[in-house]
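Work through the exercises below with the model open. Try each task before you read its solution.

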Amino acid sequence: MKTIDNYNFDGKKVIVRVDFNVPLNDHFEITDDTRIRAAIPTIQKIREKGGAVILMSHLGRPKNGPEDKFSLRHLINHLSEKLDTPVQFADDCIGTQAKEKAAALKPGEVLLLENLRFYKEETKGDEAFAKKLSELADAYVNDAFGTAHRAHASTAIIAKFFPNDKMFGYVMANEIKSINKVLKEGKSPLTAILGGAKVSGKIEIINHLLDKVDNLIIGGGMMFTFIKALGGKIGSSLVEEDLIETAREAIVKADELGVTIYLPSDTVIADKFDNDANTQTVKVSEIPDGWMGLDIGPETEKTFSEVIENSATMLWNGPMGVFEMENFAKGTKAVAMALVKATEKGAYTLVGGGDSVAAINKYNLQDKVSYVSTGGGAMLEYIEGKELPGIAAIES
Ligand code: AMP
């Protein structure tokens, strides 16, 4: 893999695509700096190796050019504190000022460019715009995994202007390595645990994973489409009628491939979608009319935990129930705990995709699993087996 570890940065100007798309409050204060912290090791490494760093990112979704609330200017102080060095700023990512400031950079110095998405050319993947960005530097580093599934000017197109001087930063490299540890080098028994609201968002993942895993655990709202496909009574639980046939096909395909699908045997049901609803635990295929399943039941927790604790490699995406509500969070927490136990026993455990990441953070277990992906949509597309433009542009 082409990473910053095997490149000589001495005296080079290095343009780094980072993901500084952080949440800001009304006073333009950063409310969660996870993404900034994630990029620090890459930036520091390049500086240590004698490079000058030019940082580019998007922030938010500006519609019509520059807008103060989306300015990366708001990040200067925080970034400078984290890097323990002054951060210069160019209030346009291209143009004379950016050029002059980039040209004047000395080894170890850092320049932050204004929001790339102030130009619609960025998301359009405009080649002329990418070329202008490329002219600021001698080398290109992509460290923005969160946008790796987009063929934008700064995430993919720009790479062609650095045929021999393009590489991954540590965030990208770690994400790719961790997913490959599961999908390409995963030791058996390999188990995927899928949950979340909808089958529709996960069906391509299921199809891709069936060729790779030994076990597929299905929980969350999506389980009811499968239970209905098997003839169960699901009351008013979440269901996607148009995907019942697709779910049935997945069950048949799993059977043909020798993959064991684990569906819940019991579920915690509620008489309304509310933490204070009346609840009871019933068999998953015998949900009375007017009730909906909002979590897996205790018997299922036990079965799922056993499968997880006996697996060598795992990928978890999506909560087992409506974990945002305390009364329906038990199943998700049980799965998180089982993953922690498996990790302690030596299993490789990857947690990826929005809500399972939120869950693992909520229980403060993020350091007790092997890897927590920050990738969101990019991670999902990668496990669907799609080629990500941001990765392909570096590898080609
Ligand atoms: P996703 O974005 O597809 O991973 O879905 C995550 C969402 O699924 C979370 O907000 C959960 O509250 C929701 N969810 C999980 N289980 C259920 C369920 N049984 N019924 C309705 N929503 C659920």
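Domain bounds here come from an automatic or database domain assignment. The model is predicted.

**Exercise 1. Find the domains and state how far apart their centres are.**

Step 1. Mark residues 4–173 as domain 1 and residues 186–383 as domain 2.
Step 2. Take the centres over C-alpha atoms: 37 Å separate domain 1 from domain 2.
Step 3. Look at the contact between them. Domain 1 gives six residues, and domain 2 gives seven residues.

**Exercise 2. Describe the area that domain 1 and domain 2 bury between them.**

Step 1. Start with the idea: the size of an interface is often given as the accessible area lost when the parts come together.
Step 2. Apply it. The two domains bury about 490 Å², with 65% of this on carbon and sulfur atoms.
Step 3. Find the main contributors in domain 1. Phe145, His149 and Val171 supply 76% of the area it buries against domain 2, more than any other three residues.
Step 4. Sort the residues of domain 1 that touch domain 2: three are nonpolar, two polar and one charged.

**Exercise 3. Count the salt bridges and the residue pairs in polar contact between the domains.**

Step 1. Salt bridges between domain 1 and domain 2: zero.
Step 2. Residue pairs in polar contact, both at pLDDT 80 or more: zero again.

**Exercise 4. Describe the surroundings of the ligand.**

Step 1. There are 14 residues around the ligand; Ala197, Gly221, Gly293, Glu324 and Asp355 come nearest.
Step 2. Check distances to ligand oxygen atoms. A polar side-chain atom of Glu324 lies 2.4 Å from one. For Ala197, a backbone N or O atom is 2.9 Å from a ligand oxygen. For Lys202, a polar side-chain atom is 3.2 Å from a ligand oxygen.
Step 3. Turn to cover. Alone, the ligand exposes 510 Å², and the protein buries 79% of that.

Key. Residues are numbered from 1 along each chain as its sequence is written. This is a predicted model: local features need pLDDT of at least 70, side-chain atom pairs count only at pLDDT 80 or more; totals for chains, interfaces and linings use all residues. Side-chain values use heavy atoms; hydrogens and water are left out. Contact means heavy atoms within 4.5 Å. Buried area is the accessible area (1.4 Å probe) that two parts lose on being put together, summed over both. A salt bridge is a side-chain nitrogen of Lys or Arg within 4 Å of a carboxyl oxygen of Asp or Glu. A polar contact is a pair of N or O atoms within 3.5 Å; within protein, one must be able to donate a hydrogen and the other to accept it, and residues adjacent in sequence count only if both atoms are side-chain atoms. Ala, Val, Leu, Ile, Met, Phe, Trp, Tyr, Cys and Pro count as nonpolar, Asp, Glu, Lys and Arg as charged, and the others, Gly among them, as polar. A residue is near a molecule or strand if one of its heavy atoms lies within 4 Å of it. Accessible areas come from the Shrake-Rupley method with a 1.4 Å probe; for residues, only the protein chains shown count as cover.
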